[in-house]
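Me: Please take a close look at one strand and its setting, and then connect that part to the rest of the chain. I would like the cut-offs stated as you go.

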Amino acid sequence: MKVLIVDDSKPIFLMVSQMLTELGHESVWAENGQDAVEKVKENPDLGLVLLDWNMPVMDGLQFLQKNEGEGFCEAPIVMMTTENKPEKIQQALKHGASDYIMKPFTADIIENKIELVCD
Ligand SMILES: [Mg+2]
């Protein structure tokens with residue numbers, strides 16, 4: 001499966017990408033929400049989007065809201081967040097995220113989440 005990792009931190013992209021490679025998946029990187037809009041359009045075969053919350057230019061919530069209006073992303077979206085406030089999580093779910101994972105996470109956590117959101 002091809003996974004879009006949206007995160008402004010290249011070290012985080014490389015770490016998550018390594019986990020996905022070990023799980024047999026392929027990764028594409030977008031460094032902010034705006035870049036992610038382009039990457040989603042360039043990669044219609046995406047199976048999953050892992051979306052950071054805090055990013056410059058366009059953050060994760062703004063990406064969700066744009067997709068809510070335009071519906072360009074058909075893949076499930078999982079938020080990767082350090083936000084543990086229930087109201088923030090609820091906000092992401094309300095705007096179209098399928099689920100969320102707390103940073104930092106392990107390959108096992110990603111694997112379980114993939115089984116949960118991708119059928
Ligand atoms: Mg960030």
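Reply: Helices and strands are taken here as DSSP runs, with H or I over at least four residues for a helix and E over at least two for a strand, numbered from the N terminus. This is a predicted model, in which local features need pLDDT of at least 70 and side-chain atom pairs count only at pLDDT 80 or more, while totals for chains, interfaces and linings use all residues. Residues are numbered from 1 along each chain as its sequence is written, and side-chain values use heavy atoms, with hydrogens and water left out.

The strand to start from is β5, which spans residues 99-102 and has two faces: Asp99 and Ile101 lie on the covered one, whereas Tyr100 and Met102 lie on the uncovered one. Its partner is β4 (residues 77-81), and the two run in the parallel sense over four bridges, pairing being assigned when DSSP finds at least two bridges between two strands. Within this pair, Tyr100 of β5 has Met79 standing opposite. Between β4 and β5 the chain passes through helix α4 (residues 86-94), and this β-α-β crossover is right-handed; the term applies if, with the strands pointing away from the viewer, the path from the first strand over the helix to the second runs clockwise.

That unit belongs to an alternating order, since from the N terminus on the elements of the protein chain run β-α-β-α-β-α-β-α-β-α, giving five helices and five strands.

Helix α3 holds Phe63, which is buried at a relative accessible area of 0% (buried means under 20%, exposed over 50% and partly exposed in between, with a 1.4 Å probe and protein chains only). Not counting residues up to four places away in sequence, Phe63 touches Gly33, Ala36, Val37, Val40, Leu51, Met58, Phe72 and Ile77, where contact means heavy atoms within 4.5 Å.

Elsewhere, loops come together at a magnesium ion, whose protein donors are Asp8 (OD), Asp52 (OD) and Asn54 (O), at 2.1 to 2.2 Å. Donors are N, O and S atoms within 2.8 Å of the metal (3.2 Å for Na, K and Ca), and because water is not among the atoms, sites may look incomplete. The donor residues are spaced D-x43-D-x1-N in sequence, and distant parts of the chain are linked here, with Asp8 in the loop between β1 (2-6) and α1 (10-22) and Asn54, 46 residues apart from it, in the loop between β3 (46-52) and α3 (60-70). Asp8 counts as partly exposed at 37% relative accessibility, and Asn54 is partly exposed as well, at 44%.

The structure holds zero disulfides, a disulfide being a pair of cysteine sulfur atoms within 2.5 Å. For Cys73, the nearest cysteine sulfur is that of Cys118, 11 Å away; Cys73 is buried at 10% relative accessibility, and Cys118 is buried with a relative accessible area of 17%.

Over the whole chain, buried residues make up 50% of the 119 residues, and among contacts between residues at least 6 apart in sequence, 61% join residues at least 24 apart. The radius of gyration is 13 Å, which agrees with the value near 14 Å for a compact globule of 119 residues; the radius is taken over C-alpha atoms, and the globule rule is 2.2 Å times the number of residues to the power 0.38.
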